[in-house]
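Visitor: I would like to learn how to read a protein model together with its ligand. Could you walk me through it, feature by feature?

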Amino acid sequence: MSDSTYDVIIIGGGPAGMTAGLYASRAMLKSLMLEKMIMGGQMMTTTKVENWPGYPGGIEGPELMMKFQEHCVEFGLETGYGTVEKIIDNGASKTLIVDGKELTCKAVIVTTGVVPRKLGLEGEEALVGRGVSYCATCDGAFFRDVPIAVIGGGDTAAEEALFLTRFASKVILVHRRDQLRATKILQERILKHEKIEIAWNSVVDRLLSDNTGLTGAVLRDTQSGETREVELAGMFVAVGVTPTTGFVADLVELTEDGYIQAGEDTHTSAPGIFAAGDCRTTVLKQVSTAVGDGAVAAIMAEKYIEELQHSDN
Ligand code: NAP
């Protein structure tokens with residue numbers, strides 16, 4: 001980070017953040033994009049992206065994000081790593097506490113996205129890295145020729161189950177209802193895949209393990225209440241997401257489930273703080289919608305800064 005004062009600081013380095021960065025730096029605003037861990041966000045743990053226009057046949061998530069990053073730094077966007085612990089809103093200026101250091105800016109764009117939700121089962125946390133995972137692209141290759149389960153019925157669960165068939169001997173998709181939430185094209189692929197077995201109307205009651213790690217799970221039929229044990233070497237949890245918004249909870253209005261309340265114009269309840277991408281109350285969570293959101297947020301931040309300058313004169 002070159003010095004500590006910026007026009008705009010973007011928090012989060014996923015598709016929304018990168019696009020906000022591209023638009024803000026192209027608008028000649030002194031802009032910094034801060035990322036906590038890995039530039040690219042959730043896309044870095046996504047396999048093939050089939051619904052990003054311009055890439056017939058699809059493109060790997062990390063490859064697409066490398067291109068995004070290359071593109072946004074071309075316009076002078078500064079990028080850096082750090083965890084934003086707190087934002088102090090002094091009106092026309094905002095102070096960010098990042099790993100104990102202070103950065104100031106006129107406008108903040110929050111694009112911190114979401115993190116995978118946990119099942120909350122006893123032993124789940126202790127078995128992470130020893131059979132339990134929240135990311136098939138990260139850990140899938142460790143499960144060759146062994147039975148595994150994927151929990152959930154949404155797009156993530158469906159994509160992960162399909163991806164994991166490359167390695168596992170069998171994939172049991174455990175879904176609590178009798179119908180998948182995932183898009184039709186993924187449902188079709190799941191239903192006809194010979195390695196995927198669906199445990200309909202089922203939830204995981206209990207994890208089974210020994211000193212080497214996960215060995216299985218007890219599944220419960222949500223209708224009959226009957227339980228059965230399945231042998232598993234791995235379990236991939238894909239039961240939805242939680243927004244990463246705790247650090248702004250005292251500054252901007254959040255929904256009950258933690259999403260930042262902001263409309264299509266990305267304005268939050270705090271002037272000069274904008275929210276874009278999956279952490280906002282969006283109707284669709286896709287790369288394409290995150291990109292549009294990031295662009296809007298940057299233009300809104302530019303207008304906000306212009307108005308600040310006019311009110312100063
Ligand atoms: P999601 O759409 O919220 O689906 C979560 C799934 O987990 C649902 O099937 C839900 O069951 C189930 N579930 C929730 N809590 C559970 C629990 N405690 N026990 C068992 N099952 C539970 O989450 P997601 O799949 O992570 O997707 C998040 C967003 O990203 C969505 O908007 C999705 O469309 C998007 N996405 C898009 C793509 C793509 O376009 N290629 C890929 C990945 C994600 P119910 O169905 O019964 O509620």
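Visitor: Where does the ligand lie with respect to domain 1 and domain 2, and why do we say so?

Guide: Happy to start there, and please keep in mind that this is a predicted model. To place a ligand, ask which parts of the chain supply its shell. Here domain 1 (5-115 + 241-312) and domain 2 (118-237) both give residues to that shell, so the ligand lies between them.

Visitor: How far apart are the centres of domain 1 and domain 2?

Guide: Taken over C-alpha atoms, the centres are separated by 32 Å. The contact between the domains takes four residues from domain 1 and six residues from domain 2.

Visitor: Which residues come nearest to the ligand?

Guide: There are 18 residues around the ligand, and Asp155, Thr156, Glu159, Arg177 and Arg181 come nearest. Sorting the shell by class is a good next step: it has three nonpolar, eight polar and seven charged residues.

Visitor: Which protein atoms pair with oxygen atoms of the ligand?

Guide: Look at distances between polar atoms. A ligand oxygen is 2.8 Å from an N or O atom in the side chain of threonine 156. For the side chain of glutamine 286, the distance from an N or O atom to an oxygen of the ligand is 2.9 Å. With glycine 153 the partner is a polar backbone atom, 3.0 Å from a ligand oxygen. As for cover, the ligand taken alone exposes 910 Å², and the protein buries 75% of that.

Visitor: Now a helix. How many residues of H4 are buried?

Guide: A general idea helps with any helix. An α-helix has 3.6 residues a turn, so residues three or four places apart point the same way. Now to the case at hand: helix H4 (residues 155-164) is mostly covered, with seven of its 10 residues buried. Those are Ala157, Ala158, Glu160, Ala161, Leu162, Phe163 and Leu164. Their packing partners include helix H3 (136-139), strand S11 (147-151) and strand S13 (196-199).

Visitor: Is alanine 238 buried or exposed?

Guide: Relative accessibility is the value to read, and under 20% counts as buried. Alanine 238 is at 10%, so it is buried. This residue sits in the loop between strand S17 (234-237) and strand S18 (241-243). Beyond its sequence neighbours within four places, alanine 238 contacts Ile151, Gly152, Thr156 and Ala157. Two of these names have come up already: Thr156 is among the residues nearest the ligand, and Ala157 is one of the buried residues of H4.

Visitor: What does histidine 175 touch?

Guide: Set aside the neighbours within four places in sequence, and histidine 175 is in contact with Gly152, Gly153, Leu180, Ala199, Trp200, Asn201 and Ser202. Its place is the loop between strand S12 (170-174) and H5. Histidine 175 counts as buried because its relative accessibility is 5%.

Visitor: And glutamine 187, where is that?

Guide: Glutamine 187 belongs to helix H5 (residues 184-192). With a relative accessible area of 12%, glutamine 187 is buried. Outside four places in sequence, glutamine 187 touches Leu180, Arg181 and Ala182.

Visitor: Last one: how far apart are serine 209 and leucine 127 in sequence and in space?

Guide: Compare the two separations: 82 residues in sequence and 8.3 Å in space, C-alpha to C-alpha. Serine 209 lies in strand S14 (residues 202-210) and is partly exposed, at 45% relative accessibility. Its contacts beyond four places in sequence are Leu127, Leu214 and Thr215.

Conventions. Residues numbered from 1 in each chain as written. Predicted model: local features only at pLDDT ≥ 70, side-chain atom pairs only at ≥ 80, totals over all residues. Heavy atoms only, no water. Helix = DSSP H or I, 4+ residues; strand = E, 2+ residues; numbered from the N terminus. Buried < 20%, exposed > 50% of the residue type's maximum accessible area, 1.4 Å probe, protein only. Contact = heavy atoms within 4.5 Å. Near = heavy atom within 4 Å. Polar contact = N/O pair within 3.5 Å; in protein donor to acceptor, adjacent residues only side chain to side chain. Areas by Shrake-Rupley, 256 points an atom, 1.4 Å probe, with all protein chains shown as cover. Nonpolar A, V, L, I, M, F, W, Y, C, P; charged D, E, K, R; others polar. Domains from an automatic or database assignment.
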